[in-house]
Amino acid sequence: MITFRKEAKFDKEATILFLEKTALEKKRLTIKSAALRNQIFSLGRFTGESGELFPISSNKQLILLCGLGKSSEISPTSLRVAVRKAVLSSFLKKISDIEI
């Protein structure tokens with residue numbers, strides 16, 4: 001089952017977070033969990049480039065970071081492509097309950 005939410009509650013087996021490259025560069029994420037924000041910034045390997053996927057394991061849950069690229073370059077089509085790529089990724093292959 002896929003659940004779409006305005007704010008992530010992190011109560012499913014997996015959560016997909018879509019992040020803009022610009023927000024990452026300016027360290028302006030709307031994630032309420034300070035620990036998760038700090039973990040994302042400390043990774044250093046996730047840049048938010050369009051199509052980039054990066055899995056994080058947190059409290060027996062998978063958090064899949066999905067890059068959208070620069071905010072000025074995001075279109076409805078690029079967003080649909082990013083959602084499809086994330087949902088069909090091998091990281092979520094065995095997971096049945098996903099929060100977006």
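**Exercise 1. Follow strand 2 through the sheet**

Task: Find the residue of strand 5 that is the bridge partner of A14, then work out how strand 2 fits into the sheet.

Solution:
- Step 1. Look along strand 5 for the partner of A14: the residue is I98. Keep in mind as you look that this is a predicted model.
- Step 2. Look for another pairing between these strands. T15 stands opposite E99 in strand 5.
- Step 3. Now take the strands as a whole. Strand 2 and strand 5 (residues 98-99) run parallel and are joined by two bridges.
- Step 4. Turn to strand 4. Here I16 stands opposite L64, and six bridges join strand 2 to strand 4, again in a parallel arrangement.
- Step 5. Put the pieces together. The sheet is open, has five strands in the order 1-5-2-4-3, and its pairing is mixed. A general reminder helps here: strands of a sheet pair through backbone hydrogen bonds, and they can be parallel or antiparallel.

**Exercise 2. Edges and enclosure**

Task: Which strands stand at the edges of the sheet, and is strand 2 largely enclosed or largely open?

Solution:
- Step 1. Read the two ends of the order 1-5-2-4-3. Strand 1 (2-3) and strand 3 stand at the edges.
- Step 2. Each of these edge strands has a single partner strand, so one side of each has no neighbour in the sheet.
- Step 3. Check burial in strand 2. Five of its six residues are buried, so strand 2 is largely enclosed by the rest of the structure.
- Step 4. See which helices lie across it. Helix 2 lies across strand 2, strand 3 and strand 4, and runs at about 135° to strand 3. Helix 3 (residues 76-87) lies across strand 1, strand 2, strand 3 and strand 4, at about 150° to strand 2.

**Exercise 3. Two nonpolar cores**

Task: Which residues touch the most other members of the largest nonpolar core, and which elements supply at least two of its residues?

Solution:
- Step 1. The largest nonpolar core has 13 residues, and L19, L29, I40 and L65 are the ones that touch the most other members.
- Step 2. Trace where the core comes from. Strand 2 (14-19), helix 1 (21-25), helix 2 (34-43), strand 3 (53-58) and strand 4 (61-67) each supply at least two residues.
- Step 3. Zoom in on L29. Setting aside residues up to four places away in sequence, L29 touches L19, A23, L24, R37, I40 and F41.
- Step 4. Look for another core. A second, separate one has 12 residues, among them A14, I16, C66 and L92.

**Exercise 4. Rings and a charge**

Task: How many aromatic pairs does a search of the whole structure find, and what sits over the ring of F41?

Solution:
- Step 1. The search finds one aromatic pair.
- Step 2. The partners are F46 and F54, with 6.5 Å centre to centre and 50° between the planes, which makes the pair tilted.
- Step 3. Check burial, where the cut-off is under 20% relative accessible area. F46 has 6%, so F46 is buried. F54 has 16%, so F54 is buried.
- Step 4. Move to F41. The charged end of K27 sits over its ring, 5.5 Å from the centre.
- Step 5. Place K27 itself. K27 is in the loop between helix 1 and helix 2 and is exposed, with a relative accessible area of 57%. K27 is not a glycine, yet it has a positive phi of about 55°.

**Exercise 5. Three loop residues**

Task: Are F10, S71 and S89 buried, partly exposed or exposed?

Solution:
- Step 1. F10 is in the loop between strand 1 and strand 2. With 24% relative accessibility, F10 is partly exposed. F10 has a positive phi of about 55° although it is not a glycine.
- Step 2. S71 is in the loop between strand 4 and helix 3. Its relative accessible area is 36%, so S71 is partly exposed. Beyond neighbours within four places in sequence, S71 is in contact with E20 and T22. The C-alpha atoms of S71 and L19 are separated by 9.3 Å, although the two residues are 52 residues apart along the chain.
- Step 3. S89 is in the loop between helix 3 and strand 5. At 9% relative accessible area, S89 is buried. Leaving aside neighbours within four places in sequence, S89 is in contact with L53 and L64.

Methods: Residues numbered from 1 in each chain as written. Predicted model: local features only at pLDDT ≥ 70, side-chain atom pairs only at ≥ 80, totals over all residues. Heavy atoms only, no water. Core = buried A, V, L, I, M, F, W, Y, C linked by side-chain atoms within 4.5 Å. Buried < 20%, exposed > 50% of the residue type's maximum accessible area, 1.4 Å probe, protein only. Helix = DSSP H or I, 4+ residues; strand = E, 2+ residues; numbered from the N terminus. Contact = heavy atoms within 4.5 Å. Phe/Tyr/Trp six-rings, centres within 6.5 Å; stacked < 30°, edge-to-face > 60°. Lys NZ or Arg CZ within 6 Å of the ring centre and 35° of its normal. Pairing = 2+ DSSP bridges. Axes fitted to C-alpha atoms, helices over the stretch in contact; angles between N-to-C directions.
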